[in-house]
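Work through the exercises below with the model open. Each task is followed by its solution.

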Amino acid sequence: MPTIAEIKARLRIPVIGAPMFIVSTPKLVIAQCKAGVVGSFPALNARPAEMLDTWLTEIKDALKRHDDENPDRPSAPFAVNQIVHRSNDRLMHDLEACVKHEVPIVICSLGAREDVYQAIHSYGGIVLHDVINDFFARKAIEKGADGLIPVAAGAGGHAGVQSPFALVQEIREWFSGPVALSGCIARGQSVLAAEAMGADFGYIGSAFIATEEANADGAYKQGIVDGYADDIVYTNYFSGVHGNYLKPSIRNAGLDPENLPDADPSKMDFKSAGEGAKKVWKDIWGCGQGIGAVKEVVSTAAFVDRLESEYNEAKARICGN
């Protein structure tokens with residue numbers, strides 16, 4: 001199992017691209033890894049289920065070609081997100097594919113299971129588990145996760161409500177392993193701030209939607225470019241789990257983003273939206289509060305270039321160089 005130092009040594013900047021439903025496909029993942037940050041995608045994006053094997057082969061082959069052609073600039077490792085919630089009837093199938101392809105990093109969400117972690121550990125893979133508070137963080141580590149992704153207030157999609165300062169602070173009181181902070185990170189300065197708070201990586205999602213390689217509608221990408229924090233609403237209406245979404249997409253679906261009813265969490269389902277709404281994630285656009293930093297749709301490589309430049313400038317300024 002590689003160490004955090006070994007993983008960071010392969011990155012241009014300590015960033016993990018968050019897995020985004022529908023948006024993250026091999027095209028984006030490959031571009032992220034070639035650009036020098038961890039790329040990831042949800043296993044459920046590969047449909048039908050048999051497509052997951054094809055996607056993993058495509059990603060591995062593309063990154064191997066890149067590494068062979070660029071020995072001095074190897075690609076970053078990639079990750080696959082597994083939804084561990086009981087509503088995911090594909091979990092075992094998708095987990096077998098991850099084991100077969102020895103996926104370097106697996107990101108688990110919505111459930112902590114020892115058997116899932118053990119399967120990834122069987123070939124030396126790393127398990128990161130996303131959490132919204134200290135209680136779930138402790139539970140994940142007790143079950144055998146290697147690291148944590150604290151999903152703080154303002155993060156895109158399913159997110160918590162705690163300040164990143166409070167969340168990382170509490171976790172670091174007892175946990176010294178890998179931590180990737182999620183929540184409103186869209187600039188290199190924010191990645192450095194995450195490190196200063198005690199995280200090992202910045203976890204970036206929404207800003208990658210506004211890249212050329214993202215599998216998102218043009219209007220969705222432009223919505224990211226045009227949007228600000230005030231354009232985000234936090235609701236559990238669409239999937240039974242609270243998350244952040246772009247208000248314009250909710251209005252386009254014929255709903256009032258300011259007056260959405262609460263959903264029944266016991267009926268959480270990742271295949272459909274709340275009653276009367278269009279299918280969640282396809283027409284209702286998940287998005288975080290940090291999008292004010294996104295000013296145009298660019299290539300993934302150009303976005304990572306900007307992140308690295310901002311990160312280095314901020315680091316030099318703080319260090320007085």
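**Exercise 1.** How many positive and negative side chains does the protein have, and how far apart do the centres of the two sets lie?

Solution. This is a predicted model, in which local features need pLDDT of at least 70 and side-chain atom pairs count only at pLDDT 80 or more, while totals for chains, interfaces and linings use all residues. Residues are numbered from 1 along each chain as its sequence is written, and side-chain values use heavy atoms, without hydrogens and water. Count Lys and Arg as positive and Asp and Glu as negative, leaving out His and the chain ends. Place each charge at NZ of Lys, CZ of Arg, CG of Asp or CD of Glu. The result is 31 positive and 41 negative side chains, with the two centres 1 Å apart.

**Exercise 2.** Which residues of helix α7 are buried, and which elements cover them?

Solution. Helices are DSSP runs of H or I with at least four residues, strands runs of E with at least two, numbered from the N terminus. Buried means under 20% relative accessible area and exposed over 50%, with partly exposed in between (1.4 Å probe, protein chains only).

1. Helix α7 spans residues 164–172, and L167, V168 and I171 are buried there.
2. Viewed down the axis, these buried residues fall within an arc of 90°, so they line one face of α7. The arc is that of the directions from the helix axis to the C-beta atoms.
3. Exposed F165 and Q169 sit on the face turned away from the buried side.
4. With contact taken as heavy atoms within 4.5 Å, the cover includes α6 (134–143), β6 (147–150), β8 (180–182) and α8 (188–197).

**Exercise 3.** What share of the 321 residues is buried?

Solution. Buried residues make up 56% of the protein.
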